[in-house]
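Biologist: Please take a close look at the largest pocket of this protein. I would like to know what lines it.

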Amino acid sequence: MPRCWPALLAIALVLSAPSPASAQGPDTLIFGTTHEVDSIIYAYATEYLQHLCAEVRQRCLLQSLPGRRSSAMLADGSIAGEMGRVIEYGQKNPAYRRVEEPFVTSRSYVFTRAGQPDINSWEELERKARTVSYKRGIFIYQRRLEALRPQLQPHDVQSVPACLQMVLNGRDEACLFDDGSLSEASKALLPQGRTGRQLDEFNLYIYLGRDHGALAQALTDAGRRLAAQGLKARLHRKYFISP
């Protein structure tokens, strides 16, 4: 075999390989979420989306995306929608359509070091902590914590385990997180510190981009039917464990 054949064969294989599929296919609607694939809420949302889309005879797929990338892809139509945005997201993006039936309710907690007092309310957080970590991209946390400056210094970090580690390593006094964002890695860290009582709760919604806004009413009706059939309650019992 001539020496040049292996190189020519490699080039031919590269040229003949199929190009990566675009995010939004003709037969499947892609939804983005900022939650990591190992989080509780990602597993919950994946199963919920399959039930919801089956109700309207549509194929759907969920992808974990960084928050800014997900927003950009929704804006340019690369994905059909986003799962896991709060109601304020629609106020900032009035061109998007919201599925009015929230698909899940998430609950907020504060984590502190062992030996430190529990933090059980926003008022206690402001009084007892000077520095607080939270997962980057969670708009309601960012807005609430920024409003407490300069009394409180917020730090956004990449993930919930990183948030908990900031406290355990003594770099921050508290970590603000929600139960849906927990993963096996973060649940393993919780016993090393203290978790206060639930601060509050918030609904998470599905938003549709401009090209798919016409589906909003059908998905809202489907979501309400599924809720009446007890789907959300069953999925919550299946996936969520109170910290």
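Modeller: Of the 243 residues of the protein, 46% count as buried, that is, under 20% relative accessible area with a 1.4 Å probe and protein chains only as cover. This is a predicted model, in which local features need pLDDT of at least 70 and side-chain atom pairs count only at pLDDT 80 or more, while totals for chains, interfaces and linings use all residues. Residues are numbered from 1 along each chain as its sequence is written, and side-chain values use heavy atoms, with hydrogens and water left out.

The protein has 10 helices and 9 strands; these are DSSP runs numbered from the N terminus, helices being H or I of at least four residues and strands E of at least two.

Now the pocket. Rolling a probe the size of a water molecule over the atoms shows where empty space is left. A pocket here is an open set of points, on a 1 Å grid over the protein atoms alone, where a 1.4 Å probe fits, with protein on both sides within 12 Å along at least five of seven lines; lining residues have an atom within 4 Å of a point. The largest pocket holds about 860 Å³ of space, the volume being the space filled by probe spheres set on grid points joined across faces, edges and corners. It is lined by 33 residues, of which G67, R85, R136, G137 and I138 are the closest to its centre. Two or more lining residues come from each of α3 (67–75), β3 (81–85), α4 (87–92), β5 (131–135), α6 (139–146), β6 (153–157) and β9 (201–208). The most come from α6, which gives 4 residues. By class, the lining of the largest pocket has 11 nonpolar, 12 polar and 10 charged residues. In this scheme Ala, Val, Leu, Ile, Met, Phe, Trp, Tyr, Cys and Pro are nonpolar, Asp, Glu, Lys and Arg are charged, and the others, Gly among them, are polar.

The second largest pocket has about 190 Å³ of space. Its lining counts 14 residues, and E88, I140, R143, E201 and F202 are the closest to its centre. At least two residues of that lining come from each of α4, α6 and β9. The lining of the second largest pocket divides into 7 nonpolar, 2 polar and 5 charged residues. The elements α4, α6 and β9 are also among those that give two or more residues to the largest pocket.

How values were computed. Buried means under 20% relative accessible area, exposed over 50%, partly exposed in between (1.4 Å probe, protein chains only).
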